Amino acid sequence: MTKRLWIGLMAAFCATAVPAGAQAVTPPDVLARSVTDEVLAVLRADKDIQAGNQKKVLDLVEKKILPHFNFVRMTQLAVGRHWREANLEQQKLLVGEFRTLLVQTYAATFTAYRDQAIEYRPLRLQPDETDVVVKSLVNQSGGKPVTIDYKMQKSDDGWKVYDVVVGDLSLVQSYRGSFNSEVQKGGIDGLVKALTEKNKQLVSSQ
């Protein structure tokens, strides 16, 4: 699974915010299904994004995608058991650097996503449920369909994504091994430093 597919899927899923002050929270599967066509249309039509306009890509990611992700929980899951070893300031730094890492990684490959067709599976949502998995199937031209699961948690601001599973590969778990290695080598501060340096490399390579 390429990073371009990760980005396109996340963009297609998370592009529209629930209006501030809205009384009803849009069910997660309904939200996913309703925004997909709109986002795909933008990706296919926006010539600046297709040409690699990084400013426009980053702006799109910041405004339309990131508000729909729970980065605190994502970071907790990626850091794993070592999260409890971090103090509040270290936790804040980890969340910020992990967020930046995902933004830079996704923005770098955002322009390549246009051709996949996404089907969302119906979701039987119980009234008291606050943690669900929205399932989808990505049909790729010339390739086998790929299953994508979005793990979502309900918050005061609506449903938020805290993990994406492509086939059997979890996004947050894919970082856990490298994060664990950095903590073992240099503690929590070592992990923060490694993430900071990685983000600087990504920015300088643009």
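I will walk through the sheet, one helix that lies across it, and some of the salt bridges, in what is a predicted model.

Let me begin with the sheet, which is open and has five strands in the order β1-β2-β3-β4-β5, with antiparallel pairing. At its edges are β1, residues 117-120, and β5, residues 169-170, each of which pairs on one side only. The partner of β5 is β4, residues 158-166, and these two are joined in the antiparallel sense over two bridges, with V165 having S170 in β5 as its bridge partner.

Turning to the helix, α5, residues 71-79, lies across β2, β3 and β4, and runs at about 35° to β4. Which residues of α5 are buried? They are F71, M74, T75, A78 and V79, and because they cover an arc of only 125° around the axis, they sit on the same side of α5. At the start of this helix, a side-chain oxygen of N70 comes to within 3.3 Å of the backbone nitrogen of V72, while the residue that follows α5 is G80, with a positive phi near 70°.

Finally, the charged pairs: the count comes to six salt bridges. One of them joins D149 to K135, with the closest N and O atoms 3.4 Å apart, and this pair links distant parts of the chain, since D149 is in strand β3 and K135 in strand β2, 14 residues apart. Within that pair, D149 is buried, at 17% relative accessible area, whereas K135 is partly exposed, at 41%. Elsewhere, K56 and D48 meet at 3.2 Å, N to O, and both belong to a network of salt bridges that also includes D46.

Definitions and conventions
Residues are numbered from 1 along each chain as its sequence is written. This is a predicted model: local features need pLDDT of at least 70, side-chain atom pairs count only at pLDDT 80 or more; totals for chains, interfaces and linings use all residues. Side-chain values use heavy atoms; hydrogens and water are left out. Two strands pair if DSSP finds at least two bridges between them. Helices (H or I, at least four residues) and strands (E, at least two) are DSSP runs, numbered from the N terminus. Contact means heavy atoms within 4.5 Å. Axes are lines fitted to C-alpha atoms, for helices over the stretch in contact, and angles run from 0 to 180 degrees between N-to-C directions. Buried means under 20% relative accessible area, exposed over 50%, partly exposed in between (1.4 Å probe, protein chains only). The arc is that of the directions from the helix axis to the C-beta atoms. A polar contact is a pair of N or O atoms within 3.5 Å; within protein, one must be able to donate a hydrogen and the other to accept it, and residues adjacent in sequence count only if both atoms are side-chain atoms. A salt bridge is a side-chain nitrogen of Lys or Arg within 4 Å of a carboxyl oxygen of Asp or Glu.
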